[in-house]
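Q: I should like to learn how to read backbone and packing features from a model. Could we proceed feature by feature?

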Amino acid sequence: MNKRKNKMLKVVRWAVITVFAAAFLMPVVVHAHSIFIQSSRYNVDLGKSSPLFFCYGHRVPVDDGVRGSKLKSVAVHTPADGVKAIKVRNEISLQSYMVIYDQPGTYVLTAETNPGFYTVYIDKKGRERHTIKPMQAVKEDAAEIKKSFFSEQYTKTYVVCDEASLKFPAMVGLDVELVPLSDITKLKKGDTLKLQVYHNGKPYLGEGQWDATYNGYSTQPEDMFIQKRKMSNGLIFMPIEKTGRWFLRFSINTPAPEDEKDRYLQKKQTSTIVFEIANDKMRPMVKGH
């Protein structure tokens, strides 16, 4: 009986060791948080208000709260070429703000993050660590640096009040911007979204990566409908296969300059755009509701 018990204990110990070893050796895919600006509605009646808010994290349409200090600016670009800056609250929240739509035409909602560091390293006890500190701040504790970024992020979305502007406000001047080549608010299912990437006000012709998903495709983090695709000519062509709210993300990674290599390995600039493809009403309105 004791021999059988000892044998069973050995089997259990081996199973536990195997599980922990597999978990320890399994490669971990690391993604820094991405930010997307959204509107509760994408077609608004003149004189009405509608909130803007953010998706920050790895799940759409909403994930983590945003620290007020994370946001460098939030702005509303009006059809009359005015820009209304929104005062960001010093709190962790969805950072939702009411926007008054008092002019007919196409509005552009934009935001930019304060640049920040993101470092992934293995400490001297073999544990993987994630921090928003530069490399030099963890060098005493780090046995290996796996990733280290200096990150900047830009995001925008378009909202139509009554009718779309005759001249579509494709570009508003973000440092890294996804610029639609036609009026994005008029696209339908079956169309192709065409974007030109701009960098510091000029067409970007270098390399980058983009991916996209729509609300409802997956509940899992970073499980994108369109997986990472490389881009080398500054143009993105995305077929619109579904109606609903779409989230598209583009990023540029460049090596750190020599005088910054003690702080980070790569500069990561990310630009996102959110847009909605409307569908017809699924069911007729029931009388009395």
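A: Let us begin with a residue in a loop. In this predicted model, Asn200 counts as exposed because its relative accessibility is 52%, and the cut-off for that class is over 50%.

Q: Where is Asn200 found?

A: Asn200 sits in the loop between β14 (192–199) and β15 (202–203).

Q: What is notable about the phi of Asn200?

A: As a general idea, most residues other than glycine have a negative phi. Asn200 is not a glycine, yet its phi is positive, at about 55°.

Q: Which loop holds Asp81, and is Asp81 buried or exposed?

A: Asp81 belongs to the loop between β5 (71–77) and β6 (83–85). Its relative accessible area is 71%, so Asp81 is exposed. Asp81 also has a positive phi, of about 70°, although it is not a glycine.

Q: How should the peptide bond from Val60 to Pro61 be read, as cis or trans?

A: The general expectation is that most peptide bonds are trans. Here the bond from Val60 to Pro61 is cis, with omega near 10°. Pro61 is placed in the loop between β3 (49–57) and β4 (66–67).

Q: How many residues does the largest nonpolar core have, and which have the most contacts inside it?

A: In soluble globular proteins, nonpolar side chains tend to be buried together. In this model the largest nonpolar core has 31 residues, and Leu193, Trp210, Ile236, Met238, Leu248 and Phe250 have the most contacts inside it. Strands that each supply at least two residues of this core include β14, β16 (208–214), β18 (235–239) and β19 (244–255).

Q: With which residues is Trp210 in contact, leaving aside its neighbours within four places in sequence?

A: With those neighbours set aside, the contacts of Trp210 include Ile236, Met238, Leu248 and Phe250, and among them are also Gln227, Lys228 and Arg229. A second, separate core has 24 residues, including Leu71, Val76, Leu109 and Val159.

Q: How much space lies in the second largest pocket, and which residues lie nearest its centre?

A: A pocket may be described by its volume, its lining and the classes of its residues. The second largest pocket holds about 340 Å³ of space. Its lining has 16 residues, with Tyr56, Arg67, Lys70, Phe117 and Ile132 nearest the centre.

Q: Which strand gives the most to the lining of the second largest pocket, and how is that lining divided by class?

A: β10 gives the most, with three residues; β10 (116–123) and β12 each supply at least two. By class, the lining has six nonpolar, eight polar and two charged residues.

Key: Residues numbered from 1 in each chain as written. Predicted model: local features only at pLDDT ≥ 70, side-chain atom pairs only at ≥ 80, totals over all residues. Heavy atoms only, no water. Helix = DSSP H or I, 4+ residues; strand = E, 2+ residues; numbered from the N terminus. Buried < 20%, exposed > 50% of the residue type's maximum accessible area, 1.4 Å probe, protein only. Core = buried A, V, L, I, M, F, W, Y, C linked by side-chain atoms within 4.5 Å. Contact = heavy atoms within 4.5 Å. 1 Å grid on protein atoms, 1.4 Å probe; cavity = no way out; pocket = protein on both sides within 12 Å on 5 of 7 lines; lining within 4 Å. Points joined across faces, edges and corners; volume = space filled by probe spheres on them. Nonpolar A, V, L, I, M, F, W, Y, C, P; charged D, E, K, R; others polar.
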